Amino acid sequence: MGTSAFDAVIPVICVTLAGLVVLLAESFRKKQERMPLGGLALIGLIGAVIACVLLWDRNATSFGMVTADNYALFVNLIILTVGILTVVFSQHTVERDGLPAGEYYALLLFAIVGMMLMVQATDLLLVFLALETMSIAVYVLTGIRFNDARGTEAAFKYFLLGAFASAFLLYGIAFLFGVTGTTSLDGIGTVVAAQSMSGNPMILAAIALLIVGFGFKVGVVPFHQWSPDAYEGAPALVTGFMSTGVKAAAMAAFARIFLSSLEPMITDWAPVLWGVAAITMILGTVVGVAQTNLKRMLAYSSIAHAGYLLVGIVAGNEVGKAAILFYLAAYALTNVAGFAIIGLLGTKAAPNDDLRDYAGLWHTHPALAGLMTIVLLSLGGFPPTAGFIAKWYIFSAAVGSGYYWLAIIGFLSSVVSVFFYLRIVVMMFMTERDARPVPLPVAASAMAGLAVTVAAILYLGILPSRVIDLAAASISTVF
Amino acid sequence: MEGWGGIGVMMAVAIGFGISSVILSQFLGPSNPTPEKEAPYECGVPPVGDARERQSVKFYLVAMIFLLFDIEVAFLYPWAMALRDLGWFGLAQITVFILILLVGYIYIWRKGVLDWGPESDPDYHVAKVLGPSVVKRYRYGTGN
């Protein structure tokens with residue numbers, strides 16, 4: 001294969017084209033006419049996966065702003081997997097709940113375009129542009145049930161706080177530009193490494209503003225307020241998509257900026273992120289225990305997981321960087337599956353997302369109850385699931401950098417979190433079903449997708465070495 | 001922070017001038033109001049009715065679409081200025097840009113966003129049968 005200026009953006013182009021085709025197809029769709037829009041979306045996503053695999057180890061760059069290094073490709077493959085799974089799970093529910101199919105898939109694809117570009121961007125302006133592309137699509141997806149009051153409220157809250165966070169991020173970028181005279185990540189890294197910036201108030205302000213901006217998007221305490229409401233109000237499948245895709249993309253860009261360009265400043269920002277990570281892990285877990293709505297519970301669980309991911313950034317060593325990638329993969333698979341199960345069991349009229357609704361699920365949907373158990377065990381970090389290896393890997397990175405207390409806080413909060421994951425398991429298996437109506441039947445394609453996802457969770461938990469090696473190899477070329 | 005003193009003085013003078021003219025005109029200006037003077041300024045035309053009228057919700061869509069296509073044109077101007085330097089590659093880029101926007105245009109057109117009159121909506125004819133009050137409610141977006 002020859003190389004061209006466009007190599008690095010080929011995966012993004014695949015997804016964009018699919019989005020445009022879906023939008024065109026929707027434009028010419030007659031009312032009540034059925035079109036395989038989900039299939040069109042899948043073609044684009046699979047094309048992008050193939051492009052990512054072919055670009056592996058080639059370190060292609062485009063326009064001086066987009067890179068396809070292995071780090072970006074690894075995260076992009078996670079994001080694309082999340083996208084493919086979301087489309088597979090959505091096929092049935094979009095039709096059942098009467099969601100606007102064309103708009104749903106098009107927005108999903110455009111959000112993925114933004115996520116992928118955000119991970120691949122090597123210029124802060126492109127990071128911002130990609131973040132907005134992603135966020136605006138996700139705001140609309142949150143409120144895609146536009147005649148549902150809760151969904152609209154969630155979308156509006158998410159939009160207002162998200163726009164506010166974007167302003168913080170942009171302000172941080174402006175300060176960094178003011179100090180270094182460039183928005184390119186490499187350029188910033190060179191200037192920051194060459195001069196001793198410690199104590200320079202401008203760059204400290206820039207770092208603080210960037211932490212606030214990314215903190216909002218990743219959903220860490222104290223910038224997490226939007227996430228339980230947004231996660232609860234959105235359709236469960238969209239929640240699964242945004243709690244993994246958005247988080248993976250924002251986390252990857254966060255790590256790229258802080259661990260490459262701003263790494264010389266690590267003694268300045270590491271203590272701040274240490275504190276943020278610690279309260280995020282504690283608060284996400286403790287508040288999660290008090291929830292009775294499953295979606296809110298998983299929302300707080302995903303806040304706690306953002307805290308564990310931050311531990312990897314704070315550690316900042318080789319193990320930490322690889323651990324972030326592995327954790328993102330494990331977390332994305334697990335959370336998408338968890339929210340998919342909630343989404344498959346509930347409709348708008350009967351959300352079935354309360355803890356009580358899961359009483360005796362074992363008797364009505366034995367397969368789903370079994371899959372949900374593995375998902376919850378993985379979220380809680382039990383062996384032999386992906387969640388266990390991911391947590392162990394992150395904490396060993398923290399210990400390796402001498403952050404013993406952070407590792408202890410992380411370990412204790414995951415022990416406490418086990419309580420609320422096991423509460424759901426107890427509900428499903430050991431409680432008798434009351435007089436509530438039996439949840440809906442589940443489509444075969446969605447069940448197959450879930451089974452594959454759960455198999456992948458177990459694979460990552462039992463034989464993690466291949467993916468760990470891949471993660472370690474993909475960071476070695478970048479940082 | 002050297003060199004910023006002049007700007008500080010300028011800002012102080014600007015703010016001071018604004019505040020002092022408001023306060024001084026309160027004390028020094030003669031005050032003999034008439035109904036004409038109290039009326040809101042409408043470029044000399046006598047005001048008619050209340051400014052807070054109900055607007056059709058369709059204006060919202062029109063405004064949003066205007067914004068999008070206005071920005072498209074805003075991108076075309078700098079490209080047109082650098083047309084010769086950018087050459088065929090620039091032309092290809094701007095064509096792709098316009099094609100992407102064209103997909104959006106086709107979408108809003110097919111979805112009926114460009115049909116601004118109420119007559120374009122089949123529900124409107126039902127409303128017409130029900131009487132003028134329903135038409136009015138429908139037109140201003142309060143009816144169902």
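# Exercises on a predicted two-chain model

Chain B holds six helices and zero strands, and the coordinates used in all the exercises below belong to a predicted model.

**Exercise 1.** Describe how the secondary structure, burial and contact range of chain B are set out, and do the same for chain A.

*Solution.* Begin with chain B, whose elements follow the pattern α-α-α-α-α-α when read along the sequence. Of its 144 residues, 1% count as buried, and residues 24 or more positions apart account for 35% of its contacts with a separation of 6 or more. Turn next to chain A, in which there are 19 helices and two strands. Here buried residues make up 59% of the 479 residues, and 82% of the contacts with a separation of 6 or more join residues 24 or more positions apart.

**Exercise 2.** Decide whether the radius of gyration of chain A agrees or disagrees with that of a compact globule.

*Solution.* For 479 residues, a compact globule would have a radius of gyration near 23 Å. The value for chain A is 21 Å, which agrees with that expectation. As a further description of its extent, the C-alpha atoms of chain A fill a box of roughly 70 × 55 × 40 Å along the principal axes.

**Exercise 3.** Check the length of helix 1 of chain A against its number of residues, and then find what its buried residues pack against.

*Solution.* Helix 1 covers residues 10-27 of chain A, and its 18 residues, at 1.5 Å a residue, should span 26 Å. The expected span is taken from one less than the number of residues, and the end C-alpha atoms are indeed 26 Å apart, so the two values agree. The buried residues of this helix include A:P11, A:V12, A:C14, A:V15 and A:E26. Their packing partners are helix 2 (37-55), helix 3 (70-97) and helix 4 (101-120) of chain A, together with helix 4 (83-110) of chain B.

**Exercise 4.** Characterise the contact between helix 7 and helix 10 of chain A by its geometry, its residues and their classes.

*Solution.* Two packed helices are described by the angle between their axes and the distance between the axes. For helix 7 (residues 185-194) and helix 10 (residues 236-261) of chain A, the axes come within 9 Å and cross at roughly 35°. Helix 7 contributes A:L185, A:I188, A:G189 and A:V192, while helix 10 contributes A:R256, A:I257, A:S260 and A:S261. Sorted by class, the residues of this contact are four nonpolar, three polar and one charged.

**Exercise 5.** Which residues touch the most other members of the largest nonpolar core, and which helix supplies its largest share?

*Solution.* The core has 192 residues, and A:F326 and A:Y327 are the ones that touch the most other members. Its largest share, 21 residues, comes from helix 13 of chain A. Residues up to four places away in sequence being left out, A:F326 touches A:A390, A:Y393, A:V467, A:I468 and A:A471.

**Exercise 6.** Assign A:V319 and A:R29 to a burial class, and list their contacts beyond four places in sequence.

*Solution.* A residue is buried if 20 or more other C-beta atoms lie within 10 Å of its own. A:V319, placed in helix 13 (residues 318-345) of chain A, has 21 such neighbours and therefore counts as buried. Its contacts are A:S396, A:A397 and A:G400, and the C-alpha atoms of A:V319 and A:G400, 81 residues apart along the chain, are separated by 8.1 Å. A:R29 is found in the loop between helix 1 and helix 2 of chain A, and because it has 15 C-beta neighbours inside 10 Å it counts as partly exposed. The contacts of A:R29 are A:M35 and A:G102.

**Exercise 7.** Locate the residues with positive phi at A:N59 and A:F63, and the cis peptide bonds at A:P222 and A:P384.

*Solution.* Phi of A:N59 is near 50°, and this residue lies in the loop between helix 2 and strand 1 (60-62) of chain A. A:F63, with a positive phi of about 55°, lies in the loop between strand 1 and strand 2 (66-68) of chain A. A cis peptide bond with omega of about 5° joins A:V221 and A:P222, and A:P222 is in the loop between helix 8 (201-218) and helix 9 (226-233) of chain A. Another cis peptide bond, with omega of about 0°, joins A:P383 and A:P384, where A:P384 has its place in the loop between helix 15 (366-380) and helix 16 (386-400) of chain A.

Notes:
Residues numbered from 1 in each chain as written. Chains lettered and ligands numbered in written order. Predicted model: local features only at pLDDT ≥ 70, side-chain atom pairs only at ≥ 80, totals over all residues. Axes fitted to C-alpha atoms, helices over the stretch in contact; angles between N-to-C directions. Helix = DSSP H or I, 4+ residues; strand = E, 2+ residues; numbered from the N terminus. Contact = placed C-beta atoms within 7 Å. Nonpolar A, V, L, I, M, F, W, Y, C, P; charged D, E, K, R; others polar. Buried ≥ 20, exposed ≤ 12 C-beta atoms within 10 Å, placed from the backbone. Core = buried A, V, L, I, M, F, W, Y, C linked by C-beta atoms within 7 Å. Rg over C-alpha atoms; globule rule 2.2 N^0.38 Å.
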